[in-house]
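Let's take a friendly tour of this model, from the DNA-facing side to the interior. Keep the viewer open and follow along.

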Number of protein chains: 2
Amino acid sequence: MTAAASSTASERVASHLRAQILAGELAPGTRIRQEDVAAEFGASRLPVREALRMLAAEGLVELETNKGARVPELDGEELSIVYEMRERLEPLALTSSIPLLTPLAVAQLHEIQDRIAREDGLIDFLTLDRQFHMLTYSACPSVTLLTTVERFWNSTQHYRRAFMQVATPHRRAMVNAEHELLVDAIERQDVEDGERYLTGHIRRTRIELAELFRV
Amino acid sequence: MTAAASSTASERVASHLRAQILAGELAPGTRIRQEDVAAEFGASRLPVREALRMLAAEGLVELETNKGARVPELDGEELSIVYEMRERLEPLALTSSIPLLTPLAVAQLHEIQDRIAREDGLIDFLTLDRQFHMLTYSACPSVTLLTTVERFWNSTQHYRRAFMQVATPHRRAMVNAEHELLVDAIERQDVEDGERYLTGHIRRTRIELAELFRV
DNA sequence: GCCTTGCCGATTGGATCCAATATGAGGTAA
DNA sequence: TTACCTCATATTGGATCCAATCGGCAAGGC
């Protein structure tokens, strides 16, 4: 689901746009004109149309008949409910993943978390944080669950960015503490603890976000 | 999301195929050739391609590059996890919907449940049951949540059908009892009870399904 | 005998052109 | 002035044609 050297033009266009949207170069609300993208990419409009449909399936753009595509905007309430959905689904992904995670994956988790703890920059934090959590879910046997979780991350990406831009040192420290506890639980194969810490992690973020984006 | 007289050709094709898949006329594993659908519909292949992408977004078909579209098959384990996801998400949809449901909607719930209780046929049961539950969620303010829930219903539709085909009178009676309790809780605006009954309803079905489809 | 390799039909992916629809500017009437 | 109507233009939706890719089958080599 992450970029990858794709063969068809529509997949390449999709990867390109996906990266732009997740990086915030295309902000929520931005309209995406087919012809612009086609020109920029040296392709016809048709693969662009298909790429937009793919991204729509991932929740990264929304399409309206005869009106085209735009990057979706979430209001505060919708954002909060998406976090409640994450709060319920991601622990399920975690618990089904933990018993199947390889020692290599656990070692990588430590490594990523070390880099997060050292990292000052915002962009890298968001990328690493996503890598971190997705890696904890990576052994989950259900593609449906993994795909759904990724959709939620996609649709909240912009707000995570806005949120972390005003991150205090204290907030960063909290995240690090939660991550450390989570990795420890995973290493001990303690499914209950893992679920507990992850739920708290998401829940705390939801509440802080609601405070920041309340309508 | 349900059929509706749509303006564009791709939407009409999508509605058509969606109905066929949900009705079981196109069984899981069936391959869908673009040209066949185009011919049957008197349109070109292009709107068919877009329709297939729409359906892929809803989880009703799966696409593979250069290999075309087919109706997805779930194995027993995947099916079970989808039910666990439903078990966690649908109560959320319900609790956010209950306070906003109109008296008219509640009256319709009674009506639908009466018809379910009287209904002998299988096809109508599946349709009515879906209508029933979606109506309980209909006031949920989050489109993301509603869309996600509908995706899950789509992807499990075939197995619900296979399941109900071997439904005993006892099983039907259980469903009716659960529905009655659910409607009662909704009518009393008792969010906790509603959540409790719905969770049990889905959970019980998951376990019975797992027994039937275990690998 | 079995695996590899190259060919051919079937099917999907892409480009170009045309039709349908929405958006915005400008003008006219109340 | 303001509301509404008309029309031009920009943008998306659809049809047709061409190119690329996959699957099966047969012939040849190990």
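What span should the 15 residues of H1(A) have at 1.5 Å a residue, and how far apart are its end C-alpha atoms? The expected span is 21 Å and the end C-alpha atoms are 21 Å apart, so the two agree. Please keep in mind that this is a predicted model.

## Helix H1 of chain A

Several residues of H1(A) are buried, and they include both nonpolar and polar names: Ser10(A), Val13(A), Ala14(A), Ser15(A), Leu17(A), Arg18(A), Gln20(A), Ile21(A) and Leu22(A) make up the list. Just after the helix comes Gly24(A), with a positive phi near 85°.

Ser10(A) is worth a second look. Besides being one of the buried residues of H1(A), Ser10(A) has a side-chain N or O atom 3.1 Å from a phosphate oxygen of DNA strand C.

## Around DNA strand C

DNA strand C is surrounded by 17 residues, and the closest are Ala9(A), Ser10(A), Ser44(A), Lys67(A) and Arg45(B). Of the strand's atoms that come within 4 Å of the protein, 73% belong to sugar and phosphate. By residue class, this surface holds five nonpolar, seven polar and five charged residues.

Two further pairs are handy to display. Lys67(A) places a polar side-chain atom 3.3 Å from a phosphate oxygen of DNA strand C, while Arg45(B) has a polar side-chain atom 3.0 Å from a base nitrogen of that strand. Both chains take part: helix H1 (9-23) and helix H3 (45-57) of chain A, with strand E1 (31-32) and helix H3 (45-57) of chain B, are the elements that give two or more residues to this surface.

## Around DNA strand D

Which residues come nearest to DNA strand D? Among the 16 residues around it, they are Arg33(A), Arg45(A), Ala9(B), Ser10(B) and Lys67(B). Sugar and phosphate make up 71% of the atoms of DNA strand D that come within 4 Å of the protein. The surface near this strand divides into four nonpolar, seven polar and five charged residues.

Here Arg45(A) has a side-chain N or O atom 3.0 Å from a base nitrogen. Backbone atoms also appear: an N or O atom of Ala9(B) lies 2.7 Å from a phosphate oxygen of DNA strand D, and one of Ser44(B) lies 3.2 Å from a phosphate oxygen of that strand. At least two residues each come from strand E1 (31-32) and H3 of chain A, and from helix H1 (9-23) and H3 of chain B.

## Helix H3 of chain B

Ser44(B) has a part to play here as well, as it caps the N-terminal end of H3(B), with a side-chain oxygen 3.0 Å from the backbone nitrogen of Leu46(B). The helix has 13 residues and reaches 19 Å from first to last C-alpha, close to the 18 Å expected at 1.5 Å a residue. Gly59(B), whose phi is positive and near 80°, follows H3(B).

The buried residues of H3(B) are Pro47(B), Val48(B), Glu50(B), Ala51(B), Leu52(B), Arg53(B), Met54(B) and Leu55(B). Their cover includes H3 of chain A, along with H1, E1, helix H2 (34-41), strand E2 (62-64) and strand E3 (68-70) of chain B.

## The nonpolar core

In soluble globular proteins, nonpolar side chains tend to be buried together. In this model the largest nonpolar core has 80 residues, and those with the most contacts inside it are Leu145(A), Ile186(A), Leu145(B) and Ile186(B).

Leu145(B) touches residues of both chains: Ile81(A) and Met85(A), and also Leu89(B), Leu92(B), Ala93(B) and Cys140(B), leaving aside residues up to four places away in sequence.

## Arg171(A) and Thr205(A)

Is Arg171(A), in helix H8 (residues 169-187) of chain A, buried or exposed? Its relative accessible area is 17%, and since buried means under 20%, Arg171(A) is buried. Its side chain joins that of Glu208(A) in a polar contact of 2.5 Å. Beyond four places in sequence, Arg171(A) touches Phe163(A), Val166(A) and Glu208(A).

Thr205(A) is found in helix H9 (residues 191-213) of chain A and, at 15% relative accessibility, counts as buried. Phe163(A) turns up again here, as Thr205(A) touches Tyr83(A) and Phe163(A), not counting residues up to four places away in sequence. Thr205(A) and Ser80(A) are 125 residues apart in sequence, yet their C-alpha atoms are 9.8 Å apart in space.

Definitions and conventions:
Residues are numbered from 1 along each chain as its sequence is written. Chains are lettered from A and ligands numbered from 1 in the order in which they are written. This is a predicted model: local features need pLDDT of at least 70, side-chain atom pairs count only at pLDDT 80 or more; totals for chains, interfaces and linings use all residues. Side-chain values use heavy atoms; hydrogens and water are left out. Helices (H or I, at least four residues) and strands (E, at least two) are DSSP runs, numbered from the N terminus. Buried means under 20% relative accessible area, exposed over 50%, partly exposed in between (1.4 Å probe, protein chains only). Contact means heavy atoms within 4.5 Å. A residue is near a molecule or strand if one of its heavy atoms lies within 4 Å of it. A polar contact is a pair of N or O atoms within 3.5 Å; within protein, one must be able to donate a hydrogen and the other to accept it, and residues adjacent in sequence count only if both atoms are side-chain atoms. Ala, Val, Leu, Ile, Met, Phe, Trp, Tyr, Cys and Pro count as nonpolar, Asp, Glu, Lys and Arg as charged, and the others, Gly among them, as polar. A nonpolar core is a set of buried Ala, Val, Leu, Ile, Met, Phe, Trp, Tyr and Cys residues joined through side-chain atoms within 4.5 Å. The expected span of a helix is 1.5 Å times one less than its number of residues.
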